[in-house]
Amino acid sequence: MPSKRPLFIVAAALLTAGAAHAAVDFKKEVLPLIENHCLKCHRATHEENGKTVKPKGDLRLDAAWALLKGHKDIVPIKPKDAVGSDMVRVTSLPRDDDEAMPPKDKGEPLAPAEIATLKAWIAEGANFGGWEGNVEGRPAGTVGAVKPPAKERAHDLLYAKLSEGVKEPASEALERAKAAGAQAAPLAPGSPLLRVDFLTAVARGDDAAVAALAPLAEQIAHLDLARTNVTDAACQEIARMRRLTRLDLRDTKITDAGIAKLAALENLVSINLYGAPVTDEALATLAKMKSLKSICVAETKVTEAGRKKLEAALPEAQIAANLEFPATPAKAATKKK
């Protein structure tokens, strides 16, 4: 039997050209997974316990130039080509494959969501956001990092429109959000719009914490509640965030009833429901939200029939569901024999 493994394609990876979205943040979302899963073996030569340790296979992943250059026939990152990037290929392989990375004795594999984030970042152009990493040993003339991709006009128009008439968030409101465990930052330099998350205080993220965001309802454009303890009750407050374009509810307790409360969010472009206990009933609500361009319903109770109905209702939207990895060429050949 070929090895099967569910693949979660996060919403950000599905925001393709023409869809308004914020790019994946390398330093915040990609660099941590490289540090946690790759640098134990693939960093510059260094001293460890009195011994000189060289990068495994002479492949370094501790710098932007190294990630782009690779070694011999291995190219970790090919901007805008996730399929052709070796880092995506080897981290996506089944754990019993000889090429799977990281090796079983070197650490835990990347989670499906991490692989999806990596793929999304590469597909967007692999913008390192100014990060160069360890420049030691960088060949002369080697590019340290690729330039940020040009902003899409639809992106500019959307956020320019949403910013009209919006005041800067009050310092008291920001302090209240911070006290509740939230991190709030401008969507872009000089913008009154905010992105808010609970990444550093997931356990504190609950209905009361979302209620504490009420004074910022007019400014919040991105809201990340992934892995928090929010319930359907929080959706009542979220529904008041009329400039919300991106909502992450993965691995929360939000149900169909909560999604029904969000129907009036007319600017919502992306919603991530990975791992939430939603069903086809939630899809019926989403089908009426014509602004949606990216929807993730992987690892939910949504059926294939429900997904097809949603696709028919929102033909321009990208919808992520569970997929299966095909057998590797070597294993396929073995099976044929």
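**Strands, cores and odd backbones**

Trainee: Let's jump straight in: which residue in S7 is the bridge partner of Asp224?

Mentor: Keep in mind that we're looking at a predicted model. S6 covers residues 220-224, and this strand pairs with S7 (residues 246-248) in the parallel sense over three bridges. One of the S7 partners is Leu247, which goes with Leu223. For Asp224, the partner in S7 is Asp248.

Trainee: And S5, which residue of that strand stands opposite Ile220?

Mentor: S5 spans residues 194-197 and pairs with S6 in the parallel sense over four bridges. Opposite Ile220 in S6 you'll find Leu194.

Trainee: How many residues of S6 are buried?

Mentor: S6 pairs with S5 and also with S7. The strand is mostly covered, and of its five residues the buried count is five.

Trainee: Zooming out, which strands are the edge strands of the open sheet?

Mentor: The sheet has seven strands, in the order S4-S5-S6-S7-S8-S9-S10, and the pairing is mixed. An edge strand here pairs on one side only. That description fits S4 (183-186) and S10 (318-320).

Trainee: By how many degrees are neighbouring strands of this sheet turned against each other on average?

Mentor: The sheet is open, running from S4 to S10 in the strand order. Ignoring direction, the average turn between neighbouring strands is 10 degrees.

Trainee: Which residues touch the most other members of the largest nonpolar core?

Mentor: That core holds 46 residues. H6 (171-179), S5, H7 (207-211), S6, H8 (234-238) and H10 each supply at least two of them. There's a second, separate core of 26 residues, which includes Phe26, Leu61, Ala82 and Ile122. Back in the largest core, the members with the most partners are Leu223, Ile259, Ile271 and Leu286.

Trainee: Take Ile259: which residues does it touch, not counting those up to four places away in sequence?

Mentor: Ile259 is in the group that touches the most other members of the largest core. Leaving out the residues up to four places away, Ile259 touches Leu249, Ile254, Ile271, Leu273, Val278, Ala282, Thr285 and Leu286.

Trainee: Is Leu283 buried or exposed?

Mentor: Leu283 lies in helix H10 (residues 280-286). Its contacts beyond four places in sequence are Val297, Val302, Gly306, Arg307 and Leu310. The cut-off for buried is under 20% relative accessible area, and Leu283 comes in at 3%, so it's buried.

Trainee: What separates the C-alpha atoms of Leu283 and Asp256?

Mentor: Along the chain, these two residues are 27 apart. In space, their C-alpha atoms are separated by 8.4 Å.

Trainee: What joins the side chains of His46 and Glu48?

Mentor: His46 lies in strand S2 (residues 46-48) and Glu48 falls in that residue range too. The His46 side chain also reaches the backbone oxygen of Ala44 at 2.9 Å. Between the side chains of His46 and Glu48 there's a polar contact of 3.1 Å.

Trainee: Why does His46 count as buried?

Mentor: Setting aside neighbours within four places in sequence, His46 is in contact with Lys51, Thr52 and Val53. Buried means under 20%. His46 is buried because its relative accessible area is 14%.

Trainee: Now the backbone oddities. Which residue is joined to Pro102 by a cis peptide bond?

Mentor: Pro102 is found in the loop between H3 (86-92) and H4 (112-123). The omega of the cis bond is about -5 degrees. The residue joined to Pro102 is Met101.

Trainee: Lys80 and Ala126 both have positive phi. Which of them is exposed, and which is buried?

Mentor: Phi is near 70 degrees for Lys80 and about 55 degrees for Ala126, and neither residue is a glycine. Lys80 is found in the loop between H2 (64-69) and H3, while Ala126 lies in the loop between H4 and H5 (153-163). Exposed needs over 50% and buried under 20%. At 63% the exposed one is Lys80, and at 0% the buried one is Ala126.

Trainee: Last one: what percentage of the protein's residues are buried?

Mentor: The protein has 12 helices and 11 strands and exposes about 17,000 Å², with carbon and sulfur atoms supplying 54% of that area. Among contacts between residues at least 6 apart in sequence, 59% join residues at least 24 apart. Of the 337 residues, the buried share is 48%.

Methods. Residues are numbered from 1 along each chain as its sequence is written. This is a predicted model: local features need pLDDT of at least 70, side-chain atom pairs count only at pLDDT 80 or more; totals for chains, interfaces and linings use all residues. Side-chain values use heavy atoms; hydrogens and water are left out. Helices (H or I, at least four residues) and strands (E, at least two) are DSSP runs, numbered from the N terminus. Buried means under 20% relative accessible area, exposed over 50%, partly exposed in between (1.4 Å probe, protein chains only). Contact means heavy atoms within 4.5 Å. Accessible areas come from the Shrake-Rupley method with a 1.4 Å probe; for residues, only the protein chains shown count as cover. Two strands pair if DSSP finds at least two bridges between them. Axes are lines fitted to C-alpha atoms, for helices over the stretch in contact, and angles run from 0 to 180 degrees between N-to-C directions. A polar contact is a pair of N or O atoms within 3.5 Å; within protein, one must be able to donate a hydrogen and the other to accept it, and residues adjacent in sequence count only if both atoms are side-chain atoms. A nonpolar core is a set of buried Ala, Val, Leu, Ile, Met, Phe, Trp, Tyr and Cys residues joined through side-chain atoms within 4.5 Å.
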